[in-house]
Protein chains: 2
Amino acid sequence: MVTKNQIKLVVNLKQKKYRTQHGLFVVEGEKTVSELLNAGVKPFGLFVDAVEKGADFNNPELVSSAILKQMSSLSSPNGVLGVFHIPVLKSIDETDWVVALDAVRDPGNLGTIIRLCDWFGIPNLVCSQDTVDCFNPKVLQATMGSIARVNVTYADLEVYLKKTALPVYGAFMDGDSVYQQKLPPKGVLVMGNEANGVSETVGGLVTSRISIPQYGKTTTESLNVATATAILLNEIRR
Amino acid sequence: MVTKNQIKLVVNLKQKKYRTQHGLFVVEGEKTVSELLNAGVKPFGLFVDAVEKGADFNNPELVSSAILKQMSSLSSPNGVLGVFHIPVLKSIDETDWVVALDAVRDPGNLGTIIRLCDWFGIPNLVCSQDTVDCFNPKVLQATMGSIARVNVTYADLEVYLKKTALPVYGAFMDGDSVYQQKLPPKGVLVMGNEANGVSETVGGLVTSRISIPQYGKTTTESLNVATATAILLNEIRR
């Protein structure tokens, strides 16, 4: 039996302050919930639509569609909702490439970038404090299960970049072509804000400014930060 | 003076049937409207918030914020709304790469892919009839001004792929690594649906099945279709 307080807790977890206060976050969908369980992320509660037959979890709480709709962030809930403990952060491992984000605000972009880090085996993602929260429901919707496999840390980027022993690469519209670079086996890749790119203070700590060449007619457009990250991580790994 | 009928027309243009009926579409934002004007797309009407100072168009209709809000697809309208004539399609030019989309449903994905075609100088995008409409407001929001520079055609993909003289490449999870391919100077790149990939019938017409290698641990995840397109177009052009 789900209590009113449980429903209220799940609804509150849409807000960052409650996620921080309770150390909990919510994901939806059987596949994502399964991936988090498989990755060893500790569940706090699993809620499954009683009329759904598919979901096969250990002791889920069976709830009505109406209750699930109350809890869900989605306009059409998909039958499974899991509340998980926010994992304890590991320290940033500098034996491989690290992606650093400077004020990325769009949840879909952050979610896609986490999924890309997972695909390309980038173990660590460092976000500036003003980057969108990685446990935001829209971020989690875009990451699929990847959040379980990438260590996402929030830090003062200036402090981190001053401290790191790795070479620091940054994506700039006017940087040198990434095709002409010999990229090292490890480094930091800094990606900037959707509208303003890498900020001046963070940009001052970048040692190599790189760009993705535009083909054909040059326009004022830039690439979306998630697609630019896809291309640069592919260049790093190929 | 804006009439009630004009407002109703703009609101109706959110739906594909009215866009087809009137041969008109709507874009919002000064930058996108400017890019369409610069590209020679014929305006039908330009509506500018009377309190906005920035927009510098020839004879715009000045409207109140309240009227603009009624017309807009955005929760916070950005001061400029343009109604344009849907351009007359050019025939598909096969002197360069062509991107073909098989049932891409998400407007953000299609918008991002149009923007990528523009960036990488791909002049033609062919969409299956069940791909989301490129004049959908959410698609246009994601394309920025790129819609003016890419020729987007809707066609029966099977018919098109049977007819083309170009080699047909397709993205598949189990395809050969794109890193090991010698990609020709022109061809067709087929990208599939978000959930199901390239359909069986279209897949049967693909001559080379390619994939983006996953780095590190293999998971069941796939890349988002827009990020996969970004990486493959970069591979084609680099």
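In chain B, Ala103(B) sits in the loop between strand E5 (98-101) and helix H5 (107-119), with helices (H or I, at least four residues) and strands (E, at least two) taken as DSSP runs numbered from the N terminus. The model is a predicted one, so to speak of local features takes a pLDDT of at least 70, side-chain atom pairs count only at pLDDT 80 or more, and totals for chains, interfaces and linings use all residues. Residues are numbered from 1 along each chain as its sequence is written, chains are lettered from A in the order in which they are written, and side-chain values use heavy atoms, with hydrogens and water left out.

Ala103(B) is not a glycine, yet has a positive phi of about 65°. Its relative accessibility is 7%, so Ala103(B) counts as buried (under 20% relative accessible area, with exposed over 50% and partly exposed in between; 1.4 Å probe, protein chains only). Over in chain A, Ala103(A) lies in the loop between strand E5 (98-101) and H5. Ala103(A), again no glycine, has a positive phi of about 60°, and at 8% relative accessibility it counts as buried.

Turning to pockets, the second largest has a volume of about 760 Å³. A pocket here is an open set of points on a 1 Å grid over the protein atoms alone, where a 1.4 Å probe fits, with protein on both sides within 12 Å along at least five of seven lines; lining residues have an atom within 4 Å of a point. The volume is the space filled by probe spheres set on the points, which are joined across faces, edges and corners. Of the 35 lining residues, those closest to the pocket centre are Ile147(A), Ala148(A), Val150(A), Asn151(A) and Val152(A).
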